[in-house]
Amino acid sequence: DEIIDKLCSEHSFVKAVWLSRNFGQHAATLAGMASTRSEWVVTMDEDLQHDPIEIGNLLDKAVDGRADIVYGTDSKTKVHGLKRSLASRSAKIVAGILMGNSAPRNYSSFRLVDGSIARGVSAYVGEGVYLDVALGWITERVLTCDVTNHFEFRNRSGYTLKKLFSHLLRLVLSNG
């Protein structure tokens, strides 16, 4: 919190959003999206996995491709063990089949979203509705951008196989 306060005092474009407790990544992302007034919103993990230098590449891709959302995807870096990677990939494939499209294969917490879409979706997405599915309800102008993730600072993932499949179930149910 001291670093966030310092960043807020040094940069007028940084705004802290404090929640009363840890509600999880989904709720924190939505709270941040709801509080922005910017033209574009970037979401990223806090563990330095996503390099902020890649944001320019996401923005270039959005502008050049006239996209509303650009997901940063890293197809080269291997960060998880074989079982975890297979489970994640399988969950995304199953979700895509159930949803009737391949969009879930590209879902990533590193995303650039048109600001008006981010604010709009945050107004009605809550518990039980998966953010990326809701974004897909609003726009089909979605692209991906190859990025390089960094894992040297990353602690072990908080996602277990059980959590991944729970996440998949929520994804499928939120799609109706």
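**A colleague's note on the sheet and its helices**

1. Let's start in the middle of the sheet: V70 has L112 as its bridge partner in strand 3. On the strand 4 side, V70 stands opposite L143. Please keep in mind as you read that this is a predicted model.

2. Those residue pairs belong to two strand pairings. Strand 2 and strand 3 (residues 111–114) pair in the antiparallel sense, over three bridges. Strand 2 and strand 4 (residues 142–146) run parallel, and five bridges join them. Another pair to look at is I69, which stands opposite V113 in strand 3.

3. Now the whole sheet. Four strands form an open sheet with mixed pairing, and their order is 1-3-2-4. At the edges are strand 1 (40–43) and strand 4, each of which pairs on one side only. From one strand to the next, the twist averages 20 degrees.

4. Two helices that pack on this sheet deserve a look. Helix 3 (residues 55–65) touches strand 1, strand 2, strand 3 and strand 4. The direction of helix 3 makes about 140 degrees with that of strand 4. Helix 6 also packs on the sheet, where it touches strand 2 and strand 3. For helix 6, the angle with the direction of strand 3 is about 40 degrees.

5. Is strand 2 (residues 69–73) largely enclosed or largely open? Strand 2 is largely enclosed by the rest of the structure, because four of its five residues are buried. If you colour the strand by side chain, a general point may help: in a regular strand, side chains alternate between the two faces of the sheet.

6. Next, the helix pair. Two packed helices are described by the angle between their axes and the distance between the axes. Helix 5 (residues 115–124) and helix 6 pack at an angle of about 120 degrees, and their axes are 10 Å apart. That angle makes helix 5 oblique to helix 6. The crossing in which helix 5 passes helix 6 is right-handed. Helix 5 brings I117, V121 and Y124 to the contact, while helix 6 brings L131, A134, L135, W137 and I138.

7. Within helix 6 (residues 131–138), D132 is worth a closer look. Is D132 buried or exposed? D132 counts as buried because its relative accessibility is 3%, and the cut-off for buried is under 20%. Which side chains does the D132 side chain meet in polar contacts? One is the side chain of Y71, at 2.4 Å. Another is the side chain of R111, at 3.0 Å. Once neighbours within four places in sequence are left aside, D132 is in contact with Y71, Y107 and R111.

8. Finally, follow the chain past helix 6. E140 lies in the loop between helix 6 and strand 4. With a relative accessibility of 78%, E140 counts as exposed, because the cut-off for that class is over 50%. How far apart are E140 and I69 in space, C-alpha to C-alpha? The distance is 8.7 Å, although E140 and I69 are 71 residues apart in sequence. To place I69 once more, this residue stands opposite V113 in strand 3.

Methods
Residues are numbered from 1 along each chain as its sequence is written. This is a predicted model: local features need pLDDT of at least 70, side-chain atom pairs count only at pLDDT 80 or more; totals for chains, interfaces and linings use all residues. Side-chain values use heavy atoms; hydrogens and water are left out. Buried means under 20% relative accessible area, exposed over 50%, partly exposed in between (1.4 Å probe, protein chains only). A polar contact is a pair of N or O atoms within 3.5 Å; within protein, one must be able to donate a hydrogen and the other to accept it, and residues adjacent in sequence count only if both atoms are side-chain atoms. Contact means heavy atoms within 4.5 Å. Two strands pair if DSSP finds at least two bridges between them. Axes are lines fitted to C-alpha atoms, for helices over the stretch in contact, and angles run from 0 to 180 degrees between N-to-C directions. Angles under 35 degrees count as roughly parallel, over 145 as roughly antiparallel, 65 to 115 as roughly perpendicular and the rest as oblique. A crossing is left-handed if the near helix is turned anticlockwise from the far one by less than a right angle, and right-handed if clockwise.
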